[in-house]
Amino acid sequence: MSAPNAGDTAWVLVCAGLVLFMTPGLAAFYGGMVPGRNVLAMLQQNMIALGVVSLTWVLVGYTIAFGDDAGSGLFGNLELFGLTDLRVPPAPHLHVVDGRITIPTLAFVLFQMMFAVITPALVTGATAGRLKFGGWVLFLAVWSVVVYAPIAHWLWHPGGWLAKLGTQDWAGGLVVHASAGAAVVAVLLVVGRRRDWPHTAAPPNSIPLTIVGAGILWFGWFGFNGGDGLQANGVAAQAVLNTHLAAAAAMLVWLALERVTDGHSTVVGAVSGAVAGLATVTPTAGYVNAASAVAIGALAGLVCHFALKVKYLLRLDDALDVLAVHFVGGMLGTLLLGLFGNRGVNPLGADGLFLGGGGGLLWDQLVGVVSVVAFSFVLTWLIASGVQALIGLRAPARDQQRLDQAQQGADAYHLGGVTSLAAPGAPRRRTGDGGVGGDQPAAPSATRVRLVTALLEPDLATDSADLRDALLRAGAISVIISDAAVASTTAAARLLPRGYWQDQPLSERLHVGVLVESDGVGAVLTELDRLGAGRADTFVQEAERIPS
């Protein structure tokens, strides 16, 4: 047996770290897209996979996936239970590599562990706002062993039945994305929809957080696709290049479609397209050339964008479009390999239909898609139903809009709802000549004053300094502004990320409270009228100032 190759070992270990980094990246990507009261719950649901699945992988997942085949091609034996006896130094002679691979088995164990971790975490984007934490932990533990490990054996172990058939999956189009996508459908059938879906508006709490998460995913995907040959060589370089090119092409196509269909090219659309391209190129990355990767990415942007509507056709409340991006992307890429496969890039691959290889590879890919999707869906539904019956998988309805407080007793953001004026806009005393004096507290000239309150359109009062000065000139003693929302008789349609409109029964307003002496009420009302305040929503009340 050859000694482990230091360069290959270092590359695989680095790639393992990159794939690990993708899990917190996924947490941020999803976390920015959910309502502000469910951010911590989403982050927790993703991060806990690092704890749970890492242990199940070492104990039993790895031996089921990569232990010697038990004879059926369905799963490995249990000889490597707990990694107590690793007799073969290099990784097994997988169908995606060759017998010259010499890395320590533990490096391979670690690399594959990170794939096992992130795969079920993809489900959380679809079930946002509905998972009970304890039930999710149990689901993770069971699913990673019962569903993920056997599928990995089928495709990534030389004795796996799909591997022997000829089905190819470079880095997880089937093992990761298709299996997770089928699991999404099954879990959604168990946990059901959010209240009032699809008419409940749920805008993201932090698009910048989502963009940061997408950047981490894109970066980590270089390890996701670059390390699967287990060698630091030309195939690895080709896989990394293909990964980037497909993401870039998918991003541009998605943005163009957004512009045509919705009138705007958005940053959320940009990263959605990029992730769709990354998911779609994953099964092909080490088997196709650069031009094919661009074509695959472009097709991903096109197909996955239009697949956004599938959840409405199927009445599945997939909150963050995991089905369109990951499920459809994974299956699409797997089938496209049957068209674009190129043995000139990797002699361990096979030529696809466009390279003169006929339809054999395409058929093998189709068999793989159908088998993985059916297996994952059925087993996942059984697991999710069992967890729901045993300890509950769906969070109680009363908690779904406030999972952070219900499950963790904390909030992601400790910010009040008040939109205060900037420092230059703090209440200031009027001088005798009608000008504005210093920043000291205004001295009361009378104990009986008037409080004028009104609701303003935010777009008509965007400059706090102008708003303050106008009201002070009109006679205001002090001004207080806060956020408000008013119920509308006709729900307004609001544009949400990825091109969807949802009904929003509440409209945003600025609530303005103006303290003014009696003789200044008329002038204040005139100024508020100029700023768009409706008289029906404007009130004048008697108030009493309490001397300091």
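1. Start with Phe224. In this predicted model, Phe224 touches Val19, Met22, Phe111, Phe115, Ile118, Ala171, Val176, His177 and Thr282, leaving aside residues up to four places away in sequence.

2. Phe224 also belongs to the largest nonpolar core, which has 120 residues. Phe224 is among the residues with the most contacts inside that core, along with Trp57, Phe139, Tyr148 and Leu155. Another core lies apart from it. That one has 20 residues, including Val479, Val512, Val524 and Leu528.

3. Now look at a helix pair. Two packed helices are described by the angle between their axes and by the distance between the axes. Helix H3 covers residues 105–121, and helix H5 covers residues 133–156. They pack at an angle of about 125°, and their axes are 9 Å apart. H3 is therefore oblique to H5. The crossing of H3 past H5 is right-handed.

4. Which residues make the contact? From H3 come Gln112, Phe115, Ala116, Thr119 and Pro120. From H5 come Trp136, Leu140, Trp143, Tyr148 and Trp156. By type, the contact of H3 with H5 has 8 nonpolar residues, 2 polar and no charged. Two names here have come up already: Phe115 touches Phe224, and Tyr148 is listed with Phe224 in the largest nonpolar core.

5. Last, check Ser54, which sits in helix H2 (residues 39–66). Is Ser54 buried or exposed? Buried means under 20% relative accessible area. Ser54 has 15% relative accessibility, so Ser54 counts as buried. Ser54 touches Ala49, Met113 and Val117, again leaving aside residues up to four places away in sequence.

Definitions and conventions. Residues numbered from 1 in each chain as written. Predicted model: local features only at pLDDT ≥ 70, side-chain atom pairs only at ≥ 80, totals over all residues. Heavy atoms only, no water. Axes fitted to C-alpha atoms, helices over the stretch in contact; angles between N-to-C directions. Helix = DSSP H or I, 4+ residues; strand = E, 2+ residues; numbered from the N terminus. Parallel < 35°, antiparallel > 145°, perpendicular 65-115°, else oblique. Left-handed = near helix turned anticlockwise from the far one by under 90°. Contact = heavy atoms within 4.5 Å. Nonpolar A, V, L, I, M, F, W, Y, C, P; charged D, E, K, R; others polar. Buried < 20%, exposed > 50% of the residue type's maximum accessible area, 1.4 Å probe, protein only. Core = buried A, V, L, I, M, F, W, Y, C linked by side-chain atoms within 4.5 Å.
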